[in-house]
Amino acid sequence: MALYEHVFLARQDLSQAQVDALAATATEIVESNQGKVTKTETWGLKNLAYKIKRNRKAHFVMLNIEASGDVVAELERQTQINEDVIRYVTIRVDEHEAGPSVMMRKSDRERTRRREREGA
């Protein structure tokens, strides 16, 4: 089985519960085809560098997947059909990153700096 990172951007007007449902649907697609989702991270609502389908912001979600190429092809096919997903990318990796991803560590650092500034 190959290892993949699948990141998708969901529309800005969705609630967090709807974004979580999208991630659950993607996980269900992978697991129903004998694949395995090892980690799911929601990076939150972030600004985009440019408008995509009239959206200035998007909810970012990353899935670490352990599956064959056929499973990833099916996941991408289902993702393309979904109107709530405005962009996605799937990358094959040699190994999954242990612990939180770079994006999660970045948001933790920003939160810590903010707290330090408010306390000083």
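Two strands are taken to pair if DSSP finds at least two bridges between them, and helices (H or I, at least four residues) and strands (E, at least two) are DSSP runs numbered from the N terminus. The structure is a predicted model, in which local features need pLDDT of at least 70 and side-chain atom pairs count only at pLDDT 80 or more, while totals for chains, interfaces and linings use all residues. Residues are numbered from 1 along each chain as its sequence is written, and side-chain values use heavy atoms, with hydrogens and water left out.

**View 1. The open sheet of 4 strands, in the order 2-3-1-4 with antiparallel pairing.** Strand 2 (36-52) and strand 4 stand at the edges, each with a single partner strand, so one side of each lacks a neighbour in the sheet. From one strand to the next the twist averages 20°, where axes are lines fitted to C-alpha atoms, for helices over the stretch in contact, and angles run from 0 to 180 degrees between N-to-C directions. Strand 2 and strand 3 are joined in the antiparallel sense by 11 bridges, and K46 stands opposite A58 in strand 3.

**View 2. Helix 1 and helix 2 packed on the sheet.** Helix 1 touches strand 1, strand 2, strand 3 and strand 4, and its direction makes about 130° with that of strand 2. Helix 2 touches strand 1, strand 3 and strand 4, and its direction makes about 170° with that of strand 4.

**View 3. Strand 1 (residues 2-11) and its two antiparallel pairings.** With 8 of its 10 residues buried (under 20% relative accessible area, 1.4 Å probe, protein chains only), strand 1 is largely enclosed by the rest of the structure. Strand 1 is joined by 10 bridges to strand 3 (residues 55-67), with Y4 opposite I65, and by 8 bridges to strand 4 (residues 85-93), with L3 opposite V93.

**View 4. The largest nonpolar core, with 12 residues.** A nonpolar core is a set of buried Ala, Val, Leu, Ile, Met, Phe, Trp, Tyr and Cys residues joined through side-chain atoms within 4.5 Å. Among the members of the largest core are Y4, I29, L63, I65 and V72, and the elements giving two or more residues to this core are strand 1, helix 1 (16-32), strand 3 and helix 2. A second, separate core of 9 residues includes V7, L9, W43 and L48.

**View 5. The surroundings of T79 in helix 2 (residues 69-81).** T79 counts as buried, at 9% relative accessibility. Leaving aside neighbours within four places in sequence, T79 is in contact (heavy atoms within 4.5 Å) with H6, V85 and Y88.

Conventions. Buried < 20%, exposed > 50% of the residue type's maximum accessible area, 1.4 Å probe, protein only.
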